[in-house]
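Hi everyone, and thanks for coming. Let me walk you through a structure that may be new to you.

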Amino acid sequence: MDDGDDSTDDNTVRCWLVERTYTDRGLVDMVYATPDGSQLRRKQVSTTIMRQRGVGTTAAVDVDRDDLEPVDDEVRERYAAEVERMREQHEPDDEV
């Protein structure tokens, strides 16, 4: 398991899946957060495209720091706790 700080280089950081919701329009909304829960990257993907391409949802993704958004204070602790749980239970490339 990766025990580092989740920095992949000066420009990217490893973010972990903290939230996933399915919409009634056939989309999957995923939220990946930084280890401290302070920043996030939202990703929306069509379930049809995921099936066609055989693409799954991974436990973590590497995100350019410029593509991160700040997290509202009320969810920061929850996201940090979820990142910790994901890191303990999964490797970054595990499909979840």
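Let's start with one pair: in strand β2, Y22 has V28 as its bridge partner. Helices and strands here are DSSP runs, numbered from the N terminus, with at least four residues for a helix (H or I) and at least two for a strand (E). A quick word on the source: this is a predicted model, where local features need pLDDT of at least 70, side-chain atom pairs count only at pLDDT 80 or more, and totals for chains, interfaces and linings use all residues. Residues are numbered from 1 along each chain as its sequence is written, and side-chain values use heavy atoms, with hydrogens and water left out.

Back to our strands. β1 and β2 run antiparallel and are joined by six bridges; two strands count as paired if DSSP finds at least two bridges between them. Their hairpin has four residues between the strands, and there G26 takes a positive phi near 80 degrees.

On to the next hairpin, β2 with β3. Here the antiparallel pairing covers seven bridges, with L27 opposite S46 in β3. Five residues lie between these two strands, and G37 in the turn has a positive phi of about 75 degrees.

So how many strands form the open sheet, and in what order? Five, in the order β4-β1-β2-β3-β5, with antiparallel pairing. β4 (60–64) and β5 (69–70) stand at the edges with a single partner strand each, so one side of each has no neighbour in the sheet. β2 is another story: six of its seven residues are buried, so the rest of the structure largely encloses it. Buried means under 20% relative accessible area, exposed means over 50%, and partly exposed is in between, using a 1.4 Å probe and protein chains only.

Now look at β1 and β4, an antiparallel pair with five bridges. T12 stands opposite D64 in β4. R14 belongs to β1, which covers residues 12–22, while D62 sits in β4. Is R14 buried or exposed? R14 is buried, at 17% relative accessible area, whereas D62, at 44%, is partly exposed. Their side chains make a polar contact of 3.1 Å. By that I mean a pair of N or O atoms within 3.5 Å; within protein, one must be able to donate a hydrogen and the other to accept it, and residues adjacent in sequence count only if both atoms are side-chain atoms.

What lies across β1, β2 and β3? That is helix α2, residues 73–89, running at about 100 degrees to β1. Such angles run from 0 to 180 degrees between N-to-C directions, with axes fitted to C-alpha atoms, for helices over the stretch in contact. Setting aside neighbours within four places in sequence, V18 is in contact (heavy atoms within 4.5 Å) with V31, A33, Y79, E82 and V83.

That brings us to the largest nonpolar core, with 23 residues, of which C15, W16, V18, M30, Y32 and Y79 touch the most other members. β1, β2, β3, β4 and α2 each supply at least two residues of this core. Such a core is a set of buried Ala, Val, Leu, Ile, Met, Phe, Trp, Tyr and Cys residues joined through side-chain atoms within 4.5 Å.

To finish, the whole chain: from the N terminus on, the elements run β-β-β-α-β-β-α. Thanks for listening!
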